[in-house]
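Here is a short note to read with the model open beside you. Take the points in order, and find each residue on screen as you go.

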Amino acid sequence: MTNFVPFGVVGQLALGRLWRYVTSSNLELLPGRLPWSAADPDRNASAWDDEEETRLSALLTSMAPAASAGPEEKYRFTREVTALLAARYGRWTCGWHWAVGEGGCGGVVTAWCCDRCSVDEPKATAVRVVTSLLQWRDWLEELAERFEQLAPPAGVSAEDRSWHLERATIRLVTLVVDRTDADAGWYRLCYQVLTWFLTSTGLEPQQARQAVEAAIGGRFESWSAPARTAIDAVGENLAVGLTGQRSYRDY
């Protein structure tokens with residue numbers, strides 16, 4: 001796992017209500033708004049060690065409400081944790097609670113479910129937050145490795161680039177389906193991963209988002225793993241949409 005280190009001081013980030021744990025005045029803490037430039041572990045690396053884990057755990061324990069706390073207090077705690085982690089380590093942390101299934105809106109984190117279910121006794125809650133943060137970091141590092149492996153080589157022909165893009169799309173969609181069990185909202189993470197991949201290859205974020213939306217075209221749904229033919233179609237659509245060429249393997 002690439003190491004990371006806290007930076008700066010815990011700022012007073014505006015907290016309120018939007019999506020689940022962020023505010024309309026701080027859209028940067030929406031995991032779905034996180035650009036690859038902020039998520040890429042190679043750009044956000046330093047040192048994480050046992051001492052820092054102990055410090056963070058103690059801080060989270062002091063912040064956590066009792067297990068008997070009401071929904072609003074638990075909800076507020078989760079928002080405050082998101083702000084704390086972003087200020088302490090960087091914006092990439094905002095996906096720490098992007099959990100698998102309906103509780104987390106279709107992410108990959110398994111140590112956390114939602115504020116109502118996961119906020120327990122303070123020490124246990126702190127452990128869940130730290131574990132979830134590290135799971136999220138591991139996911140980003142895995143993606144960075146896969147992006148590097150799947151990226152089209154520089155200077156290849158349009159047909160070769162099309163083949164690489166199609167293959168990468170198929171493999172990344174399959175990865176997301178596997179990690180999310182195609183549970184509630186899984187396709188949101190799929191959009192994010194494909195957009196991140198394209199931007200990691202040098203495409204502008206807006207162009208990448210538009211290409212992904214056009215390629216998927218509403219094919220993916222909650223609680224439904226896509227057929228291989230659907231995944232193949234998305235891969236081909238994305239590749240052709242960006243290169244104007246079908247993969248040479250299709251001829």
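1. Let's begin with a definition: a residue counts as buried when its relative accessible area is under 20%, as exposed when that value is over 50%, and as partly exposed in between. Try this on S62, whose relative accessibility is 58%, so it counts as exposed. S62 sits in helix α2, which covers residues 50-63. Please keep in mind throughout that this is a predicted model.

2. Now for the whole chain. How many helices and how many strands does the chain have? There are nine helices and zero strands, so reading from the N terminus the order of elements is simply α-α-α-α-α-α-α-α-α, as helices and strands are assigned here. Of the 251 residues in the chain, 47% are buried. Take the contacts between residues at least 6 apart in sequence: 70% of these join residues at least 24 apart.

3. S62 gives you an example of two places that are separated along the chain. S62 and P122 are 60 residues apart along the chain, and their C-alpha atoms are separated by 7.3 Å. You can look for a second example in helix α6, where R171 is located. The C-alpha atoms of R171 and D232 are 9.8 Å from each other, with their positions 61 residues apart along the chain. R171 has a relative accessible area of 47%, which lies between the two cut-offs, and therefore it is called partly exposed.

4. Next, compare S62 with another serine. Is S118 buried or exposed? Its relative accessible area is 3%, and because this is under 20%, S118 is buried. You will find S118 in helix α4, residues 115-118. Setting aside neighbours within four places in sequence, S118 has contacts with W112, C113, T125 and R128.

5. The pair α6 and α7 deserves a careful look. Two packed helices are described by the angle between their axes and by the distance between those axes. For α6 (residues 158-180) and α7, the angle is about 145° and the axes are 10 Å apart. The crossing of α6 past α7 is right-handed.

6. Which residues meet where these two helices pack? On the α6 side they are L165, A168, T169, L172, V173, V176, V177 and T180. On the α7 side they are W186, L189, C190, V193, L194, F197 and L198. Sorted by type, the residues of this contact are 13 nonpolar, two polar and no charged.

7. V173 is a good residue to follow within that contact. V173 belongs to helix α6, and its relative accessible area is 0%, so it is buried. Beyond its neighbours within four places in sequence, V173 is in contact with C190, L194, F220 and I231. The C-alpha atoms of V173 and Y187 are separated by 9.0 Å, and these residues are 14 apart along the chain.

8. Two loop residues have a backbone angle that you may want to check. Most residues other than glycine have a negative phi. D181, in the loop between α6 and α7, has a positive phi near 60°. W223, in the loop between α8 and α9 (228-243), also has a positive phi, of about 55°, and is not a glycine. Are these two residues buried or exposed? D181 is exposed, with a relative accessible area of 60%, and W223 is exposed too, at 59% relative accessibility.

9. Finally, visit the largest pocket, which holds about 510 Å³ of space. Its lining is made of 20 residues, and those nearest the centre are G32, R33, L34, Q192 and R209. The elements that contribute two or more residues to this lining are α1 (36-39), α7 (186-200) and α8 (205-216). Which element gives the largest share? That is α7, with six residues. By type, the lining has 10 nonpolar, five polar and five charged residues. When you return to the model, notice that α7 appears both in this lining and in the packing with α6.

Note on methods
Residues are numbered from 1 along each chain as its sequence is written. This is a predicted model: local features need pLDDT of at least 70, side-chain atom pairs count only at pLDDT 80 or more; totals for chains, interfaces and linings use all residues. Side-chain values use heavy atoms; hydrogens and water are left out. On a 1 Å grid over the protein atoms alone, a cavity is a set of points where a 1.4 Å probe fits but cannot get out, and a pocket is an open set with protein on both sides within 12 Å along at least five of seven lines; lining residues have an atom within 4 Å of a point. Grid points are joined across faces, edges and corners, and a volume is the space filled by probe spheres set on the points. Helices (H or I, at least four residues) and strands (E, at least two) are DSSP runs, numbered from the N terminus. Ala, Val, Leu, Ile, Met, Phe, Trp, Tyr, Cys and Pro count as nonpolar, Asp, Glu, Lys and Arg as charged, and the others, Gly among them, as polar. Axes are lines fitted to C-alpha atoms, for helices over the stretch in contact, and angles run from 0 to 180 degrees between N-to-C directions. A crossing is left-handed if the near helix is turned anticlockwise from the far one by less than a right angle, and right-handed if clockwise. Contact means heavy atoms within 4.5 Å. Buried means under 20% relative accessible area, exposed over 50%, partly exposed in between (1.4 Å probe, protein chains only).
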